[in-house]
Amino acid sequence: MPRTSSTCPHQPPPAARPLILLTALLTLLSAAAAVLADDATHYETKSPSRDGIGKVYMGREISQVMGHRGARWLERPSRIREELPSRVVAAMDLAPDAAVADIGAGTGYFAFRLAEQVPRGRVFAVDIQPEMLAIMRQRMAAQGIDNLVLVRGTEDDPTLAPGSIDAALMVDAYHEFAYPREMMTAIVAALRPGGRVFLVEYRGEDPSVPIKPLHKMTTAQARREMTAVGLEHVETQDFLPSQHFMIFEKPAAGG
Ligand SMILES: C[S@@+](CC[C@H](N)C(=O)[O-])C[C@H]1O[C@@H](n2cnc3c(N)ncnc32)[C@H](O)[C@@H]1O
């Protein structure tokens, strides 16, 4: 038997054309409406898992926020060898006068190190928990640090001025943002063209990393979420014992 096409090669008769056109138009309109609805929400809901909030973004359930009662855990001495903070800050390769944001700064474990790295620049330490900001305020006063700016963000907005930063760092924080799409859109707006996002997350692909699943991320997932807001993946460095160090860039204007 000769192979046959499953579609008719003939043009339909003229009388049938308006009906076909109308059907095609309606299909297009409903597809556009579906995209708009998806764009408006970006999120789905499910019954919450143990550490999750039951809100799903691009297939990933968002984790609960680590409360300020965990502040001491963020400052645990073993973190120096577990998360190599000095190497993280060095790998960001910041100019001494850079403006940097530490989003989800917590107790300032990274923000204070960043402030040292940019003596002629500024560090915006953003967090939604006033208790975390209070811890940083005390420490700033005790250490006489004057290039750290404390910022009380909201769940969907880091409240940074557009075009005001050269780089943004997020360590063990992004996976708990309740509005990742809105946060990242605002962070991209706050970056200067060519500015960079440094995302540090526990390796989701590695079952031997003893961290709860929703507090880890795979590089594939992170890349999906970052490119969805217009960032370009530059590289992922794996010099950390248990985390990915991922670099993304806001395209230069016109680039
Ligand atoms: C696990 S802690 C990590 C803190 C810090 N980055 C570190 O590595 O020590 C995550 C922090 O992100 C903050 N956070 C969660 N959602 C946030 C949001 N939408 N905007 C800013 N901070 C947020 C939490 O309040 C918490 O202090």
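Q: What covers the buried residues of helix 8?
A: A good habit with any helix is to ask what lies over its buried side. In this predicted model, the cover over the buried residues of helix 8 includes helix 7 (180-190) and strand 8 (191-203). Strand 9 (216-217), strand 10 (232-237) and strand 11 (243-249) are also included in that cover.

Q: Which residues of helix 8 are buried, and why do they count as being on the same side?
A: Start from the general geometry: an α-helix has 3.6 residues a turn, so residues three or four places apart point the same way. In helix 8 (residues 219-227), the buried residues are Ala222, Glu225 and Met226. They lie on the same side of helix 8 because their arc around the axis is only 95°.

Q: Which exposed residues sit on the face of helix 8 turned away from its buried side?
A: Ala220 and Thr227 are the exposed residues carried by that face.

Q: Which residues of helix 7 are buried, and what do they pack against?
A: You can read helix 7 the same way. Its buried residues are Pro180, Met183, Met184, Ala186, Ile187 and Ala190. Their arc around the axis covers only 160°, which puts them on the same side of helix 7. As for partners, the buried residues of helix 7 pack against strand 2 (52-57), strand 4, strand 7, strand 8 and helix 8.

Q: How many bridges join strand 7 to strand 8, and do they run parallel or antiparallel?
A: For a strand pair, look at the direction, then the bridges, then the connection. Strand 7 and strand 8 run parallel and are joined by six bridges. To find the register, take methionine 170, which is opposite leucine 199 in strand 8. The connection goes by way of helix 7: strand 7, helix 7 and strand 8 form a right-handed β-α-β unit.

Q: In which sense does strand 8 pair with strand 11, and in which with strand 9?
A: Here it pays to check each partner separately. With strand 11, strand 8 pairs in the antiparallel sense, over seven bridges; valine 197 stands opposite phenylalanine 248 there. With strand 9, strand 8 pairs in the parallel sense, over two bridges, and tyrosine 202 faces lysine 216.

Q: How many residues of strand 5 are buried?
A: In general, the side chains of a regular strand alternate between the two faces of the sheet. That makes it worth counting burial along the whole strand. In strand 5 (residues 122-127), five of the six residues are buried, leaving the strand mostly covered.

Q: What joins strand 5 to strand 4, and how does the chain cross between them?
A: Strand 4 (residues 99-103) runs parallel to strand 5, and five bridges join the two. One of the positions to look at is isoleucine 103, whose bridge partner in strand 5 is valine 126. The chain passes from strand 4 through helix 5 (residues 111-117) to strand 5 in a right-handed β-α-β crossover.

Q: Over how many bridges does strand 5 pair with strand 6?
A: Strand 5 pairs with strand 6 (residues 148-152) over five bridges, in the parallel sense. Alanine 125 is opposite leucine 150 in strand 6. From strand 5 the chain goes through helix 6 (residues 130-143) to strand 6, and this β-α-β crossover is right-handed.

Q: Where is aspartate 93 found, and is it buried or exposed?
A: A positive phi in a residue other than glycine deserves a look at its surroundings. Aspartate 93 has phi near 50° and is found in the loop between helix 4 (85-91) and strand 4. It counts as exposed because it has 12 C-beta neighbours inside 10 Å.

Q: What is the setting of aspartate 172, and does it count as buried or exposed?
A: Aspartate 172 also has a positive phi, near 50°. This residue lies in the loop between strand 7 (165-171) and helix 7. Aspartate 172 counts as buried because 20 C-beta neighbours lie inside 10 Å.

Q: How many residues surround the ligand, and which are the closest?
A: For a ligand, list the surrounding residues, then sort them by class. Here 23 residues surround the ligand, and the closest are Gly104, Gly106, Tyr109, Val171 and Ala173. By class, the shell consists of 15 nonpolar, four polar and four charged residues.

Q: How many helices and strands does the protein have, and what share of its residues is buried?
A: The protein has eight helices and 11 strands. Of its 255 residues, 31% count as buried. Among contacts with a separation of 6 or more, 64% come from residues 24 or more positions apart.

Technical notes: Residues are numbered from 1 along each chain as its sequence is written. This is a predicted model: local features need pLDDT of at least 70, side-chain atom pairs count only at pLDDT 80 or more; totals for chains, interfaces and linings use all residues. Helices (H or I, at least four residues) and strands (E, at least two) are DSSP runs, numbered from the N terminus. Two strands pair if DSSP finds at least two bridges between them. A crossover is right-handed if, with the strands pointing away from the viewer, the path from the first strand over the helix to the second runs clockwise. The arc is that of the directions from the helix axis to the C-beta atoms. Two residues are in contact if their C-beta atoms, placed from the backbone, lie within 7 Å. A residue is near a molecule or strand if its C-beta atom, placed from the backbone, lies within 6 Å of it. Ala, Val, Leu, Ile, Met, Phe, Trp, Tyr, Cys and Pro count as nonpolar, Asp, Glu, Lys and Arg as charged, and the others, Gly among them, as polar.
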